[in-house]
Amino acid sequence: MKSSLNATRRAREIQRVQRQVLDVLVVGLGATGAGAALDAASRGLSTAAVDAHDLAFGTSRWSSKLIHGGLRYLARGQVGVARESAAERGVLLRHTAPHLVQAHPYLLPLTPAVSRARARLVMTGYRLGDLLRTAAGTPRRLLPGPVRVAPGRALDLVPALAPDGLRGALLSWDGRVADDARLVVAIARTAAGQGAAILTRCRVLALRGDGADVRDELTGEEFTIRARAVVNATGVWAGQLAPGIELRPSRGTHLVLRPGALGPLRAGLHVPIPGESNRFALVLPQLDGSVHVGLTDEPIDGPVPDIPEVPESDVSFLLEVLSTVLASPIPRNLVAGAYAGLRPLLAGKGGSSGDLSRRHAVIRSPGGVVTVVGGKLTTYRRMAEDAIDAAVPHAPRSRTARLPLVGAARSGDGAPPRLIRRYGSEAAAVEELAARDPALAAPVLAGQPTTRAELLWSVRHEGALTADDLLDRRTRIGLIPEDREAARPAAEAVLRLASE
Ligand SMILES: Cc1cc2nc3c(=O)[nH]c(=O)nc-3n(C[C@H](O)[C@H](O)[C@H](O)COP(=O)(O)OP(=O)(O)OC[C@H]3O[C@@H](n4cnc5c(N)ncnc54)[C@H](O)[C@@H]3O)c2cc1C
């Protein structure tokens, strides 16, 4: 397949990009950089994109997986950001990734801590959000409007809620991506299908307006990539390659609970954070039955780590907030994993990082490098379009708003729904791999749905080069450390099989 990424193609492309002067070099293969590579390649520009680690190694895999309509921004009067968010949500739901992005319901329980006035205010916000949906042309069929539900219905949807004093709940819908890392993989593969060279484990050592010095992290070999335009999409690391770009990262932590820890969950939860007027903790049911609970917002100082650590204070804070709406609190030992990401917020004036602008910025450095930073997963496509518009002023117009990502389809030839939500139209091919070889049909871990066939597919077509790529970014088994260790031998066996 033209969109397949694997070790053989990587080696070939590393040679190819050294022989020519490219139109565009993109640094960073999170959602933004992969999006920029796709935007450029689909305009017919010769393009390469590199990442020091793997696809979705950075912040893009640590999100809440919400594809939002921008309600939060509306509440802060950032109407432009909210409108852009709603428009991009519609693009993903309707055109580019209907397999990965779908609507999900959330309840805001009306406990005694939520005054009637506050409930009215939040409902007004939801209705405004619904207007943004209409304005963006997203049909109600794909994203239902908000309603107030009675206590019985609320408890039906989330039986774990504390019934005492519950006046009902506000039920609203928003977009949700099945897996943020898989969204990045789909964007990068679509870019590859349009001819872009997608080079993971290639670290940029120095960046200029006409190219970069790069080190192949697998061989240690250094080489130069020359390009007429250069886009820096390295998120929280952007300032390291483009001096003058100043970021003020903020840590967001999520907890991972095993399936069943909160009982049946037919909706997620918005849990008001005590003492804050416009912040909610989120209970986010995942497709595999596990539940993520997020999220904190803590400014961090000092060097940016490759993988942010979760302090115990974040864990206890989230468990405390969650306990304000549950019949019985979740004990610490039910937290099977936890992860943190750093928001790439631009430094600016103002108080808490929660108040910093979430809009993206496109900044041209004196040497000509164009940095695109800030924004959100939801708006990656628009960020990418703006970056390429700035980097290549006379390029043809962006085509990505109607360009389906690899796998884009709502159904998948009778394949199991779980596979369709992760692989879309490729689900049947993944299923066929398992059908041909019983060893590949075996689950990676007892009691878990992921099969070895999925891992092999990732090595052959999705650019997975190591066991970490398989466990942490092509699947999310690695979110629970215990499972990660137990699944490692299977991942290594699949890598050996693929290289035979
Ligand atoms: C906790 C949390 C929750 C969030 N939830 C949501 C949400 O629900 N919905 C939403 O829309 N947004 C959400 N966001 C925001 C969103 O996740 C980010 O804005 C987005 O993922 C940033 O993507 P990016 O591609 O710009 O950066 P990244 O994903 O960080 O990618 C940058 C890449 O650059 C690479 N890199 C760095 N230095 C170099 C180098 N020298 N050479 C080569 N490569 C390099 C890194 O390896 C990395 O892969 C959340 C963010 C956080 C932190």
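This report walks through the fold, the domains, the ligand shell and a few strands and residues of a predicted model.

## Overall fold

Let us start with the whole chain. It holds 16 helices and 18 strands. Its radius of gyration is 22 Å, close to the 23 Å that the globule rule gives for 500 residues, so the chain is as compact as a globular protein of that length. If you want a feel for the dimensions, the C-alpha atoms fill a box of roughly 70 × 55 × 45 Å along the principal axes.

Burial and contacts add to this picture. Of the 500 residues, 52% count as buried. Taking contacts between residues at least 6 apart in sequence, 69% join residues at least 24 apart.

## Domains

The domain assignment divides the chain into domain 1 (7-60 + 181-245 + 355-402), domain 2 (102-177 + 248-349) and domain 3 (417-499). The centres of domain 1 and domain 2, taken over C-alpha atoms, are separated by 32 Å.

Where these two domains meet, 11 residues of domain 1 are in contact with 10 residues of domain 2. The side of domain 1 that touches domain 2 is made up of 7 nonpolar and 4 polar residues, with no charged residues.

## Around the ligand

For anyone setting up a closer look at the ligand, the shell around it has 39 residues, and Gly28, Gly30, Gly58, Gly235 and Gly252 come nearest. The elements giving two or more residues to this shell are α2 (31-42), β8 (202-208) and β16 (335-343). Sorted by class, the shell has 17 nonpolar, 17 polar and 5 charged residues.

Why does the ligand lie between domain 1 and domain 2? Both domains give residues to the shell, so the ligand is placed between them.

## Strand β1 and its parallel partners

Strand β1 (residues 21-27) is mostly covered, with 6 of its 7 residues buried. It runs parallel to strand β10 (residues 222-232), and 6 bridges join the two. Within this pairing, Val24 stands opposite Ala229 of β10.

A second parallel pairing links β1 with strand β2 (residues 47-50) over 4 bridges. Here Val26 has Ala49 of β2 as its bridge partner.

## Strand β4, paired in both senses

Strand β4 (residues 101-109) is antiparallel to strand β6 (residues 169-177), with 9 bridges joining them. Leu108 finds its bridge partner in Leu170 of β6. With strand β12 (residues 268-272), β4 runs parallel, and 2 bridges join this pair. In that pairing, Leu107 stands opposite Leu269 of β12.

## Strand β14 and its hairpin

In a regular strand the side chains alternate between the two faces of the sheet. Strand β14 (residues 291-294) shows this split: Val291 and Val293 point one way, His292 and Gly294 point the other way, and all are buried.

Which strands pair with β14 in the antiparallel sense? One is strand β11 (residues 250-257), which pairs with β14 over 4 bridges, and there His254 stands opposite Gly294. Another is strand β13 (residues 280-285), also paired antiparallel with β14 over 4 bridges, with Leu284 opposite His292. β13 and β14 form a hairpin with 5 residues between them, and Gly289 in the turn has a positive phi of about 95°.

## Two arginines

Arg83 lies in helix α4 (residues 79-96). Is this residue partly exposed or buried? Arg83 has 17 C-beta neighbours inside 10 Å, so it counts as partly exposed, since a buried residue needs 20 or more. Its C-alpha atom is separated by 34 Å from that of Leu22, with the two residues 61 apart along the chain.

Arg364 is found in strand β17 (residues 361-364). With 13 C-beta neighbours inside 10 Å, Arg364 counts as partly exposed, because the exposed class stops at 12 or fewer. Leaving out residues up to four places away in sequence, Arg364 touches Val370 and Ala390. Arg364 and Leu66 are 298 residues apart in sequence, and 30 Å separate them C-alpha to C-alpha.

Key:
Residues are numbered from 1 along each chain as its sequence is written. This is a predicted model: local features need pLDDT of at least 70, side-chain atom pairs count only at pLDDT 80 or more; totals for chains, interfaces and linings use all residues. The radius of gyration is taken over C-alpha atoms; the globule rule is 2.2 Å times the number of residues to the power 0.38. Two residues are in contact if their C-beta atoms, placed from the backbone, lie within 7 Å. A residue is near a molecule or strand if its C-beta atom, placed from the backbone, lies within 6 Å of it. Ala, Val, Leu, Ile, Met, Phe, Trp, Tyr, Cys and Pro count as nonpolar, Asp, Glu, Lys and Arg as charged, and the others, Gly among them, as polar. Domain bounds come from an automatic or database domain assignment. Two strands pair if DSSP finds at least two bridges between them.
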